[in-house]
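Visitor: I have a model open and would like some help in reading it. Could we go through its features one at a time?
Guide: Gladly; let us look at it together.

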Amino acid sequence: MNYNNRLRSEILARGGEFIATGNLIHDMVSKKWDNPTGAFNIALKNNLVEMSVADDWKEARKEWKATGNVWYIPLADDATEVLPEPHRSSHPHYCVCGHPIAWHFEIENTENGRVEVVGSEHIGFWMIVRHLVENLEMDPEEVTQERVQEWVKESIKSMKAEWWWSQYGEEFEEWFTAIREQDLILNVRDGPQYYDNDTRRYEYKKLIRKKGVGTRGTNDFQMPSIVWRWNHPDNDKTAQINTTGYPNRDLWNDLQMFYFNLDKHNAKIAEMHQERQDRIEQVIEERRLADEAQAQREREQRARAEARAERIRLERIEQQRLLDTAFERTCSEWGIVQFSAEDGRDDWEQDFLLKMIGKINSMAYISEKQKQRVIKIINREDEPATEKQLAYIRALGGEPNPNLTKRKASDMIDQLKNPQNSVLAGEEEE
Ligand SMILES: [Zn+2]
């Protein structure tokens, strides 16, 4: 309040008039509107005084306020389609000062009810202040220079957008809807690579292209994403739907260009999709063949393992058979009866025979000397044939003399087992 009070006294001291607070007061006392200079400013002053009740500019200008109505009509467009009466038939496209305008700000004289149109340069701040306080019931304390500028900016923004949509809105909506999906697929750039399990190769992650590549209008121009620029949800900073409220010229041109080439873009997308599908099918087929080969290898491995197991089983059976028959076979080969440790005459021989039986049963190595020693012990010349020898001879079909020695009994067993050998041996002897 101290600040406002000080400003108020300053203004009063200079002969100014206090109508609002804040920074606005500095404009209030600025020379531009007290004593306008420049042809258009002077023309504005003169024409406004002419249309006012008061004859003096200082008083007359206060009779005017903004109504809040604004129309935007580009200079090349026909204003009569947009402007209402009385402006349509007074001076469309021109300010009260005579300067050509696109922005038509409506002002009203509250003393005589006259409505007029001025451009954005000549909508006086005080007119806006009165509009804000009187029409929008804003607290005068809150009316600042920034607030007035904001009002002008917002009016311009919303009016430009409104004008643009009235002109192109329908086409924009239709075309944007038509290209939305394709834009997000094609107007992209390569990001980092990743391994794709479906295509079994490294693919580029596709990122939205936010900046164009090349020169717009040339064939190799790669436009930035239309969706990104217009209303992409991740683009809270520059999406034009939020900033200006309508697409800028580049966006509008790119949309048209993209829409008119939509068939080409669809073909491109179909081709990309087909390439990927082909690749995936190829991968599936390769995988199937690999699986098949793997299954075949496993079948062969199983068969080999089974064959090996069978061979080992048979070998073990054979080995067992050999072990089971080792003693019988060895005795037969050596031409002696099957014996036991009891056949030894003394401890040493019995111990020796026991060891040899062990070796024979486990098919361990036996030296020639040991073999001969066993035979000598079992076939002792000076001893009568054992009951076992006699029984064996009878079992082989022989008729043993009860007085046979061990040695003779052994020869007879040999003869009975191998009659041919004995014949040959007999012939040699003769
Ligand atoms: Zn003007």
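Visitor: Which residues of the largest nonpolar core touch the most other members?
Guide: Keep in mind that this is a predicted model. To read a core, look for the members with many partners. Here the largest nonpolar core has 31 residues, and Phe105, Val118, Met127, Ile128 and Val129 touch the most other members.

Visitor: Which elements give two or more residues to this core?
Guide: Helices and strands both take part: α4 (39-51), α6 (125-135) and α7 (145-186) on the helical side, with the strands β1 (64-72), β2 (103-109) and β3 (115-118). The most comes from α6, which supplies six residues.

Visitor: Let me take one member. What does Val118 touch beyond its neighbours in sequence?
Guide: Setting aside residues up to four places away in sequence, Val118 touches Cys95, Val96, Phe105, Ile107 and Ile123. Phe105 is itself among the residues that touch the most other core members.

Visitor: And which residues belong to the other core?
Guide: That core lies apart and has 14 residues, including Leu353, Val374, Ala385 and Met412.

Visitor: How do I read a helix such as α13; which of its residues are buried?
Guide: Ask where the buried residues point around the axis. In α13 (residues 387-395), the buried ones are Gln389, Tyr392 and Ile393. Viewed down the axis of α13, its buried residues fall within an arc of 100°, so they line one face of the helix. On the other side, Glu387, Arg394 and Ala395 are exposed.

Visitor: What do the buried residues of α13 pack against?
Guide: Their partner is α14 (406-417). Look also just past the helix: α13 is followed by Gly397, which has a positive phi, near 100°.

Visitor: Now a charged residue. Is Arg61 buried or exposed?
Guide: Count its surroundings. Arg61 has 20 other C-beta atoms within 10 Å, and 20 or more is the cut-off, so Arg61 is buried. Arg61 sits in the loop between α5 (57-60) and β1. Leaving aside neighbours within four places in sequence, Arg61 is in contact with Leu48 and Gly124.

Visitor: How many domains should I look for, and where are they?
Guide: The domain assignment gives domain 1 (3-143), domain 2 (179-260) and domain 3 (379-430). For the spacing, compare centres: those of domain 2 and domain 3, taken over C-alpha atoms, are separated by 112 Å. As another distance, Arg61 and Asp198 are 75 Å apart in space, C-alpha to C-alpha, and 137 residues apart in sequence.

Methods: Residues numbered from 1 in each chain as written. Predicted model: local features only at pLDDT ≥ 70, side-chain atom pairs only at ≥ 80, totals over all residues. Domains from an automatic or database assignment. Core = buried A, V, L, I, M, F, W, Y, C linked by C-beta atoms within 7 Å. Buried ≥ 20, exposed ≤ 12 C-beta atoms within 10 Å, placed from the backbone. Helix = DSSP H or I, 4+ residues; strand = E, 2+ residues; numbered from the N terminus. Contact = placed C-beta atoms within 7 Å. Arc of directions from axis to C-beta.
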